[in-house]
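Please read these comments with the sequence and the coordinates open beside you. They are meant as a colleague's notes on how the chain is put together.

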Amino acid sequence: MSRVYLYHQQCTQIWSSLRASSSPLSLSTSSLSSPSLPLSFSPPWLSLSLNHCAKRSRGGVDMGTTELGPSDLRHVESMSHTPSGAGKINKLNAVILGESLASEENDLVMPSPGFSQSALISSQEQYEKMYKKSVEDPAGFWSEIASEFYWEEKWNPNEVCKENIDVTNGRVNIEWFKGAKTNICYNAVDRNISAGNGDKVAIYWEGNEPGQDGQLTFAQLLDQVCQLANYLKQVGVKKGDAVIIYLPMLMELPIAMLACARIGAVHSVVFAGFSAESLAQRIIDCKPKIVITCNAVRRGPKVIFLKDIVDSALTESAKNNVSVDICLTYENPSAMKREETKWQDGRDVWWQDVVPNFPTKCDIEWVDAEDPLFLLYTSGSTGKPKGVLHTTGGYMIYTATTFKYAFDYKPSDIYWCTADCGWITGHSYVTYGPLVNGASVLVFEGAPNYPDAGRCWDIVDKYKVTIFYTAPTLVRSLMREGDEFVKRYSRKSLRVLGSVGEPINPSAWRWFFNVVGDSRCPISDTWWQTETGGFMILPIPGAWPQKPGSATFPFFGVQPAIVDEKGKEIEGECSGYLCIKKSWPGAFRTLYGDHERYETTYFKPFAGYYFTGDGCSRDKDGYYWLTGRVDDVINVSGHRIGTAEVESALVSHPQCAEAAVVGVEHEVKGQGIYAFVTLVEGVPYSEELRKSLILTVRNQIGAFAAPDKIHWAPGLPKTRSGKIMRRILRKIASRQLNELGDTSTLADPGVVDQLIALADC
């Protein structure tokens, strides 16, 4: 299998020379080869080396002297080596950050020399050295990082990690730093104050309406965390007790998470968009001592009555013999007046009436590294939510470290992740990862398209946001609205962009890069899961050339493996099931109350591996490409087709803004491909366009992947966090309209009726 070598350091020197030159530079391309480079590298992916530079061209290669100017050096010719040393020329298009637009003709987006020089990880050589240590000596690697945090008691250096992830060898078990004592709240707040950052802003808050805002310094945050922690202790919440948090994106949400962590309670944040039935399921499962909510929230023009949902959930849980004695309710006057809130005396308590009365000092509960930190429920294939359990020490280290390197974090950064704390992204990369690093975090209550599609960029300019982390769904949604809403704002403060939640298709990646980031901000396109706790595969900004849509390479300590249906690991360029070979500190430890399901779901499919449930491809250069959930793979006449692959092809059509693909039964092919397509604003539906979309898929993937049905979609059913509810799309596609289930969590439930009305168009 061939390997492409691009010598990053030499490439950087060439870029610098070109920028320093006021006249075209004459380079002998043959002199740029690097014969001393190794012909193979373990781990088996890219070891970058520049061998040839030529004018950007799709034609032949000039192997002699080529005259290049600063705008000309765009085409990179790389020598692919085989293990025997035989080589051939393999063309790779490249674009440099800040120099040119990424287009479909560009295979690589190179980090700019200026960014790389100041980056925490500035080269592929540095990454390779750190990665090698992390997999060869994980105990030493993670112990060194862990030493940067505060521990009341240290770990046994001979027992940093204990694991068994092979079900054939007995019970699955993962432990990191067991026996050590720490507290994540102390590390996220107190430690930053001790370092002299008490007056630094910890949380900026932007309300639903423009002009509504607030902020807390680390010192102020500590005061409010301690007050709530003292209240929780007074009402009987102890170490190990569960606390349900059902709050919108107010500052009180991370405050509540940190207060629970401070006293060793186990928080379970439930996204404040879930129905009463969904909330009741979680209450029944974890049996909390208290539920924390607010009376209502305004999201965009819509008011959501959260307290009513909680009331219904508590009534339902009581029918199942799970009673909650206290419902602590935050008054949110911008959404609902106190006197209009339904109330149950003896159970319901106003936050503002009790919490501010408690002392601003609260002793730390030092907990074992393997003591539970939080429960987070995720959807299960059986319909019963799975309570993913994360513990304290390893999770703290892993989220802090991934945040630091994934976004090239600097103390001066203003960081904004658009995720809700009801999801794992909000836990790891709104609250814990950033605050443990001492970052200033932006928390946004509202909707990203309210009052118009320029709201995100208005916020970026207002707070001088430097790191912006969001979901591909939001990128595509804003892309659909056009460039004007973006370009009316400066966005000059941005320096790193990020993507999370699903594979980002290349056309959306390019728009994000070219339009939002002005072709100068690297995109940290992260792959990870609720179960992994933190980033697993990502392009570390500054270290690697990027391929639009690729998750790139594994994070430190992560050993990905692509296996076939029999569990045999596949080397080199391939496609298959993505697994992980060894544990990592941020891994979840069990499913709450159901360890058997934990083993069956994640470790039995391929013995000796953690099975991610995702399909994945690795290209000839070693880059990883996520193809979507395995259960989102459609089997058409024996061809296994990832829904993400078809969606990406559809969205590459200039008149398609967004697409979602599901499988439906087909009497001949077994399964057929059913595509819901949202068009660019103003583009009318037509039979000609329908044929053009199908042809696009045929041309990019093959005739076997051509959609059997194009269903026009004014919008797609999404949760308020932007997740597409494919379950609903499958029911609509198969005409099982009486089985649509709960649609209360959708941002716009009316979309479902629109899709049903257009089913036969």
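The numbered points below go from the whole chain to two sheets, a helix pair and one loop residue.

1. The model is a predicted one, and the remarks that follow should be read with that in mind. The chain holds 21 helices and 40 strands, and of its 761 residues 61% count as buried. Among the contacts in the chain with a separation of 6 or more, 71% are accounted for by residues 24 or more positions apart.

2. One sheet worth tracing is open and has seven strands, in the order β12-β11-β24-β23-β25-β26-β27, with mixed pairing. The strands β12 and β27 (523-525) stand at its edges with a single partner strand each, so that one side of each has no neighbour in the sheet. On average, and ignoring direction, neighbouring strands of this sheet are turned by 20° against each other.

3. Within that sheet, strand β11 (residues 201-206) can be followed to its neighbours on both sides. Its pairing with β12 (residues 213-217) is antiparallel and extends over five bridges, and within this pair isoleucine 203 stands opposite leucine 216 of β12. The two strands form a hairpin with six residues between them, and glycine 211, which lies in the turn, has a positive phi of about 100°. Towards β24 (residues 440-444) the sense is the other one: β11 and β24 run parallel and are joined by four bridges, with leucine 442 of β24 as the bridge partner of tyrosine 204. Strand β11 is also mostly covered, since six of its six residues are buried.

4. Which strands does helix α12 lie across? The helix lies across β11, β23 (414-417), β24 and β25 (467-470), and it runs at about 165° to β23. For a reader looking at the seven-stranded sheet, these four names can be found in the strand order β12-β11-β24-β23-β25-β26-β27.

5. Helix α12 (residues 424-436) also meets helix α5 (residues 184-197), and the axes of these two helices come within 8 Å and cross at roughly 55°. Angles of 65 to 115 degrees would count as roughly perpendicular and those under 35 degrees as roughly parallel, and α5 and α12 are therefore oblique to each other. Their crossing is left-handed. On the side of α5 the contact is made by Ile184, Asn187, Ala188, Arg191 and Asn192, and on the side of α12 by Tyr432, Leu435 and Val436. The residues of this contact divide into five nonpolar, two polar and one charged.

6. A second sheet, also open, is formed by five strands in the order β31-β30-β32-β34-β35, and its pairing is antiparallel. Its edge strands are β31 (569-570) and β35 (624-629), each of which pairs on one side only.

7. Strand β34 (residues 610-618) deserves a closer look in this second sheet. Nine of its nine residues are buried, so β34 is largely enclosed by the rest of the structure. It runs antiparallel to β32 (residues 574-580), to which it is joined by six bridges; in this pair cysteine 579 stands opposite phenylalanine 611 of β34, and tyrosine 577 has glycine 615 of β34 as its bridge partner. Glycine 615 in turn has glycine 628 of β35 as a bridge partner, and β34 and β35, which run antiparallel, are joined by five bridges. These two strands form a hairpin with five residues between them, and glycine 622 in the turn has a positive phi of about 90°.

8. Is alanine 543 buried or exposed? Alanine 543 lies in the loop between β28 (537-538) and β29 (553-554). Residues under 20% relative accessible area count as buried, and alanine 543, with a relative accessible area of 0%, is therefore buried. The C-alpha atom of alanine 543 is separated by 5.1 Å from that of serine 122, although the two residues are 421 residues apart along the chain.

How values were computed:
Residues numbered from 1 in each chain as written. Predicted model: local features only at pLDDT ≥ 70, side-chain atom pairs only at ≥ 80, totals over all residues. Heavy atoms only, no water. Buried < 20%, exposed > 50% of the residue type's maximum accessible area, 1.4 Å probe, protein only. Pairing = 2+ DSSP bridges. Axes fitted to C-alpha atoms, helices over the stretch in contact; angles between N-to-C directions. Parallel < 35°, antiparallel > 145°, perpendicular 65-115°, else oblique. Left-handed = near helix turned anticlockwise from the far one by under 90°. Contact = heavy atoms within 4.5 Å. Nonpolar A, V, L, I, M, F, W, Y, C, P; charged D, E, K, R; others polar.
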